[in-house]
Amino acid sequence: MLTREEIAEKLKEILIYQNPGDSERIKKGTEESGLIDYFGLSSVGMIYMIIIIENEFGVSFDNVGMGDFKTLGDVVSYIENAKKQG
Amino acid sequence: MGSFVYDFVLVTASPALLWFRPKKIYENENAKKKVRGGALMISNHNSMVDPMYLMLCIWYRRHHYVCAKELYSTPFRRWLFTQFLTIPIDRENFGMSSFKEITGRLKKGDLCVIFPEGHVVRENNGERCSEEEGGDPGESSDESSGAPKKELEKKSPMLDNLKSGMVLMAYQSGVPVWPVYVRKDKGFFGRLRIAIGEPVDVKALLGNMPTMDRIEEVSRMLGEKENRLKALVEAGTRGRNKK
């Protein structure tokens, strides 16, 4: 079972993969950093991130909207809960 | 049931709709191919009757229009638009279930149609005006009702800022994007013109696991293609007017 920190690190790897030009900034991001204002994600960027997360973590995001996630921590919590529920 | 109502209306209304059949202009020989299998068609959005013209243009396929969920505002509208195979999306809080519904249909071999400007952009004599974003698209067509008109925002004469979600949809489902351009102002006796571009294989362009910059780049490339189709259809119209 991955810890919150490990999930957050994996998410940052995904974000760097999506936007390699911003890698330094993304590495410094915390769980409180905003997906839009800090990581600079557009709505399409969020969908793309979720597609990769679904493949990497094997969790489904079917019942949520992109607006439900404000910070990196929100995504970490969602993955953590989904993993717990199996 | 949905397909039955759709086919029934199309077949019974076709003779009357022949008057409105659009004139097709093709970008090249590749664009003349029939749209087969899963395909994502993208178009400019002049008015709420664009879907009808597109259906008359590609009459041999059922179209699944991606539309704003506001169109489903009453039970009757919900029933009606469901019969016409539309796929509602929440523009304010887009969900993965909608994305998967669209890519699922594309993978199944259906034809989905999306207006990547995200709202109606009216065009008259080369001027483009966008209706206020987030408004009810159902109301925007209701000009005769006496309802107060929405504020219009003047737009660039070129199609720009196409939403790159379309690229992601085509990429995820591995289907080609068919760009088309509908020219609205046709005059009473004239025939509306639709330019059809050659299909774009987004998957081949993007390769494996593209970056967001690359996705945005392909989205801009499709926007430029739309503008070329616009120029093509306008050149054709000017030529016709000179004769």
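Okay, let's start right at a contact: in chain B, Ile102(B), Thr103(B), Leu106(B) and Lys107(B) from helix 4 meet Met169(B), Gln172(B) and Ser173(B) from helix 6. If you sort that contact by class, you get three nonpolar, three polar and one charged residues. Before I go on, keep in mind that this is a predicted model.

So how do those two helices sit against each other? Helix 4 of chain B covers residues 96–108, and it packs against helix 6 of chain B at an angle of about 45°, with the axes 9 Å apart. Angles under 35 degrees would count as roughly parallel, and 65 to 115 as roughly perpendicular. That's why we call helix 4 of chain B and helix 6 of chain B oblique to each other. The crossing of helix 4 of chain B past helix 6 of chain B is right-handed.

Now stay with helix 6 of chain B, because there's a second helix to look at, and this one belongs to chain A. Which residues of helix 3 of chain A meet helix 6 of chain B? They're Val44(A), Ile47(A), Tyr48(A) and Ile51(A), and on the other side you find Gly165(B), Leu168(B) and Gln172(B). By class, this contact has five nonpolar, two polar and no charged residues. The axes of helix 3 of chain A and helix 6 of chain B come within 9 Å and cross at roughly 25°. With under 35 degrees as the cut-off, these two helices are therefore roughly parallel to each other. Here, too, the crossing is right-handed.

Let's zoom out to the whole contact between the chains. It takes 17 residues from chain A and 16 residues from chain B. Which element of chain A gives the largest share of its side? That's helix 3 of chain A, residues 43–57, with seven residues. Sort the chain A side by class and you get nine nonpolar, seven polar and one charged.

Next up, the sheet in chain B. It's an open sheet of seven strands with mixed pairing, and the order is 1-10-9-2-5-3-4. At the edges you have strand 1 (23–26) and strand 4 (87–89) of chain B, and each of those pairs on one side only. On average, neighbouring strands of the sheet are turned by 25° against each other, ignoring direction. And here's our helix again: helix 6 of chain B, residues 165–173, packs on this sheet, touching strand 2, strand 5 and strand 9 of chain B. Its direction makes about 165° with that of strand 2 of chain B.

Let's walk through some of the pairings. Strand 2 of chain B (residues 39–43) runs parallel to strand 5 of chain B (residues 111–114), and four bridges join them. For example, Met41(B) has Val113(B) as its bridge partner in strand 5 of chain B. Strand 2 of chain B also pairs with strand 9 of chain B, in the parallel sense, over four bridges. There, Leu40(B) has Val177(B) as its bridge partner. Strand 9 of chain B then pairs with strand 10 of chain B (residues 193–196) in the antiparallel sense, again over four bridges. In that pair, Val182(B) stands opposite Ile194(B).

Last one: is strand 9 of chain B buried or exposed? Mostly covered, with seven of its seven residues buried. On one side those are Val177(B), Pro179(B), Tyr181(B) and Arg183(B), and on the other Trp178(B), Val180(B) and Val182(B). Thanks, everyone!

Methods: Residues are numbered from 1 along each chain as its sequence is written. Chains are lettered from A and ligands numbered from 1 in the order in which they are written. This is a predicted model: local features need pLDDT of at least 70, side-chain atom pairs count only at pLDDT 80 or more; totals for chains, interfaces and linings use all residues. Two strands pair if DSSP finds at least two bridges between them. Axes are lines fitted to C-alpha atoms, for helices over the stretch in contact, and angles run from 0 to 180 degrees between N-to-C directions. Two residues are in contact if their C-beta atoms, placed from the backbone, lie within 7 Å. Ala, Val, Leu, Ile, Met, Phe, Trp, Tyr, Cys and Pro count as nonpolar, Asp, Glu, Lys and Arg as charged, and the others, Gly among them, as polar. A residue is buried if 20 or more other C-beta atoms lie within 10 Å of its own, exposed if 12 or fewer, and partly exposed in between; C-beta atoms are placed from the backbone. Angles under 35 degrees count as roughly parallel, over 145 as roughly antiparallel, 65 to 115 as roughly perpendicular and the rest as oblique. A crossing is left-handed if the near helix is turned anticlockwise from the far one by less than a right angle, and right-handed if clockwise.
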